[in-house]
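Thanks for making the time this morning. I would like to walk through a few places in this model, so please have the sequence and the picture ready.

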Amino acid sequence: IMADQTVYVSLEISGMSEDSSIYSFTHKFYLPDGTHCATSKVTGVWIDMMLRKMTTPPDDILVSLLKYKTDQTELLTKEDLKKLSNRPENIDPSVFK
């Protein structure tokens with residue numbers, strides 16, 4: 001995909017907890033000729049910034065999210081978050097100099 005190239009991006013709610021506090025989006029990137037170029041999966045949680053705790057999304061956002069939920073949407077739990085393979089890794093700060 002080049003900077004000036006037209007791409008189409010799909011959105012699917014690939015996972016969501018019962019209360020919708022945990023979510024997983026899958027985005028698929030396509031060229032105008034239908035060629036599938038890339039897939040991106042994003043998993044996250046809604047956070048109450050005042051309490052600094054996990055919370056549910058606002059009702060208006062939840063209504064919008066539910067439009068993208070399918071029969072294939074997985075039920076997510078906190079245990080699923082613990083299984084994610086991406087873990088932070090510290091690096092030597094000298095690489096920034």
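Let me begin with I13, which, once its neighbours within four places in sequence are set aside, is in contact with S24, F25, L65, Y68, K69 and T73. I should say at once that what you are looking at is a predicted model, and please keep that in mind for the rest of this talk.

Two of the residues I have just named come back when we turn to the nonpolar cores, since the largest of them is made up of five residues, namely I13, M16, Y23, F25 and L65. Within this core, β2 supplies at least two residues, and β3 likewise supplies at least two.

From there we can move to the loop between β2, which covers 12-16, and β3, which covers 22-30, and that loop is where S17 is found. Is S17 buried or exposed? With a relative accessible area of 6%, S17 is buried, because the cut-off for that word is under 20%. As for its surroundings, and again leaving out residues up to four places away in sequence, S17 touches I22, L75 and L76. There is also a polar atom of the S17 side chain that lies 3.0 Å from the backbone nitrogen of S21.

The loop between β2 and β3 also holds S20, which at 6% relative accessibility counts as buried. What I would point out about the backbone here is that phi of S20 is near 70 degrees, a positive value in a residue other than glycine. For context, most residues other than glycine have a negative phi.

A positive phi turns up in R52 as well, at about 55 degrees, although R52 is not a glycine. R52 sits in the loop between β4, which spans 36-48, and β5, which spans 53-55. Where S20 counts as buried, R52 counts as exposed, with a relative accessibility of 69%.

My last stop is L84, whose place is in the segment after α2, the helix that covers 78-82. At a relative accessible area of 37%, L84 is partly exposed, because that value falls between the 20% limit for buried and the 50% limit for exposed. How far apart are L84 and T43 in space, C-alpha to C-alpha? The distance is 9.0 Å, while in sequence L84 and T43 are 41 residues apart.

That is the end of my tour, and I am happy to go back to any of these places on the screen.

How values were computed
Residues are numbered from 1 along each chain as its sequence is written. This is a predicted model: local features need pLDDT of at least 70, side-chain atom pairs count only at pLDDT 80 or more; totals for chains, interfaces and linings use all residues. Side-chain values use heavy atoms; hydrogens and water are left out. Helices (H or I, at least four residues) and strands (E, at least two) are DSSP runs, numbered from the N terminus. Buried means under 20% relative accessible area, exposed over 50%, partly exposed in between (1.4 Å probe, protein chains only). A polar contact is a pair of N or O atoms within 3.5 Å; within protein, one must be able to donate a hydrogen and the other to accept it, and residues adjacent in sequence count only if both atoms are side-chain atoms. Contact means heavy atoms within 4.5 Å. A nonpolar core is a set of buried Ala, Val, Leu, Ile, Met, Phe, Trp, Tyr and Cys residues joined through side-chain atoms within 4.5 Å.
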